[in-house]
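Q: Before we look at individual residues, could we go through how the features of a model like this one should be read?

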Amino acid sequence: MDTIVIKNLKTQTLVGVYPEERKALRPIRIDLSMDHDQQKSGQSDCLEDTLDYHRISIFIDQFARKSKYQLLEALAHQLLKALHRNFAISACRLRIYKPECVPFVDEIYIEQHYPPTTKKV
C-alpha cells in the first residue's frame with residue numbers, strides 16, 4: 001500500500017489535566033501517515049483521485065484549535081474518527097507530540113492507529 005505523510009504539522013490546542021494546562025492553548029505537533037492507493041491519481045494527475053493533504057492539514061489544525069480534551073489520547077481518538085468520517089482514509093497512523101509538558105523531557109507523544117490495532121506484549 002502507498003502512503004501519504006503529513007509530518008510536523010504545528011498547531012495549538014487546549015489539552016491537559018492540570019489547572020495550569022487549562023489556561024491557554026498549548027503548542028502540539030502532529031504526524032499523520034495515511035495508507036492510500038496512488039495508482040489512479042498517478043495515472044490521472046487529478047486531485048479528486050487522491051487524498052487532498054492540504055484540506056486534511058487545515059482540518060487537523062481547525063479540529064485541534066477547537067478541542068478541549070484533557071488527554072492526548074482522547075484528542076487523538078476523536079481526531080482519527082473525524083478524519084475517517086470526513087475523508088476517504090482507510091487506514092492511518094497518528095502521532096501527537098506535546099513539547100515541554102514535563103520540565104526535564106523534550107516532548108511526550110502518543111501514537112494511535114485507525115483502524116485500531118491490538119499489539120501483543
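A: Let us begin with the word buried, which here means under 20% relative accessible area, whereas exposed means over 50% and partly exposed covers what lies in between. The model is a predicted one, and side-chain atom pairs count only at pLDDT 80 or more. With that cut-off for burial, Glu 21 counts as buried because its relative accessibility is 8%, and over the protein buried residues make up 36% of the 121 residues.

Q: What order of strands and helices does the protein follow along the sequence?

A: Reading along the sequence gives the pattern β-β-α-α-α-β-β, made up of three helices and four strands. The C-alpha trace spans about 50 × 35 × 25 Å along its principal axes. Of the contacts between residues at least 6 apart in sequence, 59% join residues at least 24 apart.

Q: How many salt bridges does a search of the whole structure find, and what is the general idea behind such a pair?

A: Side chains of opposite charge can pair when their charged atoms come close. In this structure the search finds seven salt bridges. One of them is formed by the side chains of Lys 98 and Glu 21, with a distance of 2.7 Å from N to O. This pair links distant parts of the chain, since Lys 98 belongs to strand β3 (residues 91-99) while Glu 21 sits in the loop between β1 (3-13) and β2 (26-35), 77 residues apart.

Q: Is Lys 98 buried or exposed?

A: Its relative accessibility is 7%, so Lys 98 counts as buried, and its partner Glu 21 is buried as well, at 8%.

Q: Which residue does Glu 107 meet in a salt bridge, and where in the chain do the two partners lie?

A: The side chain of Glu 107 meets that of Arg 29, with 2.5 Å from N to O. Glu 107 is in strand β4 (residues 107-114) and Arg 29 is in strand β2, so the salt bridge ties together parts that are 78 residues apart in sequence. Glu 107 is partly exposed, with a relative accessible area of 29%, and Arg 29 is also partly exposed, at 21%.

Q: Which residues are joined into one network by salt bridges that share partners?

A: It helps to start from a single pair, in which the side chains of Arg 95 and Glu 111 meet in a salt bridge at 2.6 Å from N to O. That pair links strand β3, where Arg 95 lies, with strand β4, where Glu 111 lies, the two residues being 16 apart. Arg 95 counts as partly exposed at 22% relative accessibility, and Glu 111 counts as partly exposed at 29%. Salt bridges that share partners then join Arg 93, Arg 95 and Glu 111 into one network.

Q: Is Lys 10 buried or exposed, and which residues does Lys 10 touch?

A: Lys 10 is a residue of strand β1 and counts as exposed, because its relative accessibility is 59%. Leaving aside residues up to four places away in sequence, Lys 10 touches Ile 28, Arg 29 and Asp 61. By contrast with these contacts, the C-alpha atoms of Lys 10 and Asp 37, which are 27 residues apart along the chain, are separated by 26 Å.

Q: At what angle do helix α2 and helix α3 pack, and which residues make the contact?

A: Helix α2 (residues 53-66) and helix α3 (residues 72-86) pack at about 140 degrees, with 11 Å between their axes. Angles over 145 degrees would count as roughly antiparallel, and the two helices are therefore described as oblique to each other. The crossing of α2 past α3 is right-handed. On the α2 side the contact is made by Ile 56, Phe 59, Ile 60 and Phe 63, and on the α3 side by Leu 75, Gln 78, Leu 79, Ala 82, Leu 83 and Asn 86. These contact residues divide into eight nonpolar, two polar and no charged.

Q: Which residues other than glycine have a positive phi, and where is the cis peptide bond?

A: Asn 8, in strand β1, has a positive phi of about 65 degrees and is partly exposed, with a relative accessible area of 30%. Asp 45 has a phi near 60 degrees, lies in the loop between α1 (39-44) and α2, and counts as exposed at 72% relative accessibility. The peptide bond from Tyr 114 to Pro 115 is cis, with omega near -10 degrees, and Pro 115 is placed in the segment after β4.

Conventions: Residues numbered from 1 in each chain as written. Predicted model: local features only at pLDDT ≥ 70, side-chain atom pairs only at ≥ 80, totals over all residues. Heavy atoms only, no water. Salt bridge = Lys/Arg side-chain N within 4 Å of Asp/Glu carboxyl O. Buried < 20%, exposed > 50% of the residue type's maximum accessible area, 1.4 Å probe, protein only. Contact = heavy atoms within 4.5 Å. Axes fitted to C-alpha atoms, helices over the stretch in contact; angles between N-to-C directions. Parallel < 35°, antiparallel > 145°, perpendicular 65-115°, else oblique. Left-handed = near helix turned anticlockwise from the far one by under 90°. Nonpolar A, V, L, I, M, F, W, Y, C, P; charged D, E, K, R; others polar.
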